[in-house]
Amino acid sequence: MARKSAAKQLFRGAAWALAFLLLAVFSVLMLFRYVNPPTSAFMLGYSYANPTKEIEHTWVSLPEISPWMPLAVVASEDQRFPDHRGVDFSAIQNALAEYRAGEGLRGASTITQQTAKNLFLWNGRSFVRKALEAGLALAVDALWPKRRILEVYLNIAEFGPGIYGVGAASRAHFGISAHQLSANQSARLAAVLPNPKVLSAASPSPYVRERAFWIRGQMDQLSGLKYLKDL
């Protein structure tokens, strides 16, 4: 009887802890739907690893960002962004099928997943982190409009060592405001997102130039600025 009582109390305590955690996550997500996050887990991680270096970060609202920039990241990172619900299960299935066929395992993270990861989690390939990322992405998509997801993503994504957000990136790499970015400049910024600590938009390598050219072509194939106008 004592063991059953202890197990019941333990289960009840775990249930209350889980309920509290879910309520806390819900509250933070609802807050960040309307209030701009002052920092992110990735920014905090960079500051911890580089205590003597300053982070470059300036928040820019979506209407003040060139419309080419959200199109560029969607064309580059997540072309089904307007349609999926935070996690693109079709892309995951395709990636697993390619892996089983002997091809390399490619990423299938959506912009929503990357937003959740950059904002709350850590970098890495563990199953636990990917599961948390997927769960948070589903919650973010349920609670935030698509435009808000893009706005937060563009303001916390890393575009270079210590350079976070398109506002700081456009200044650092091109000496202009985010509102002034051209289609080609937006494509070049999007091209460095897979590895911003190594790739540079200001001094693009042949790989970055080739990838930016491909992104620019995808932007046109997605019908240009019309693609995101209904978000």
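Which helix does Ala169 lie in? Hi everyone, let's begin there: Ala169 lies in helix H8, which covers residues 166-174. Before going further, please keep in mind that this is a predicted model.

So, is Ala169 buried or exposed? With a relative accessible area of 0%, Ala169 is buried, because anything under 20% counts that way. Setting aside residues up to four places away in sequence, Ala169 touches Phe159, Ile163, Phe174 and Leu189. If you like distances, Ala169 and Ala157 are 12 residues apart in sequence, and their C-alpha atoms are 9.7 Å apart in space.

Let me step back to the whole chain. The protein has 10 helices and 3 strands, and reading along the sequence gives the pattern α-α-β-α-α-α-α-α-β-β-α-α-α. The C-alpha trace spans about 70 × 45 × 35 Å along its principal axes. Of the 231 residues, 42% count as buried. Now a number for the contact-map fans: taking the contacts with a separation of 6 or more, 70% come from residues 24 or more positions apart.

On to the core. The largest nonpolar core has 52 residues. Met69, Val73, Trp144, Phe159, Val166 and Leu189 are the ones with the most contacts inside it. You have just met two of these names, Phe159 and Leu189, as residues that Ala169 touches. Let's also take Val73: leaving out neighbours within four places in sequence, Val73 is in contact with Asp78, Ile111, Leu150, Tyr153, Leu154, Ala190 and Leu193.

Next, a lysine. Lys146 lies in helix H7, residues 146-156. Lys146 counts as buried, because its relative accessibility is 13% and the cut-off is under 20%. Where does the side chain of Lys146 reach? The side chain goes to the backbone oxygen of His84, at 2.8 Å. Beyond its neighbours within four places in sequence, Lys146 is in contact with Phe81, Pro82, His84, Asp141 and Leu231.

Last stop, a pair of helices. The axes of H5, residues 111-120, and H6, residues 127-143, come within 8 Å and cross at roughly 110 degrees. The two helices are therefore roughly perpendicular to each other, and H5 passes H6 in a right-handed crossing. On the H5 side, the contact is made by Thr112, Gln113, Ala116, Lys117 and Phe120. On the H6 side, the residues include Arg129, Glu133, Ala137 and Asp141. Asp141 should sound familiar, as Lys146 is in contact with Asp141 too.

That's my tour, thanks for listening!

Notes: Residues numbered from 1 in each chain as written. Predicted model: local features only at pLDDT ≥ 70, side-chain atom pairs only at ≥ 80, totals over all residues. Heavy atoms only, no water. Core = buried A, V, L, I, M, F, W, Y, C linked by side-chain atoms within 4.5 Å. Buried < 20%, exposed > 50% of the residue type's maximum accessible area, 1.4 Å probe, protein only. Contact = heavy atoms within 4.5 Å. Helix = DSSP H or I, 4+ residues; strand = E, 2+ residues; numbered from the N terminus. Polar contact = N/O pair within 3.5 Å; in protein donor to acceptor, adjacent residues only side chain to side chain. Axes fitted to C-alpha atoms, helices over the stretch in contact; angles between N-to-C directions. Parallel < 35°, antiparallel > 145°, perpendicular 65-115°, else oblique. Left-handed = near helix turned anticlockwise from the far one by under 90°.
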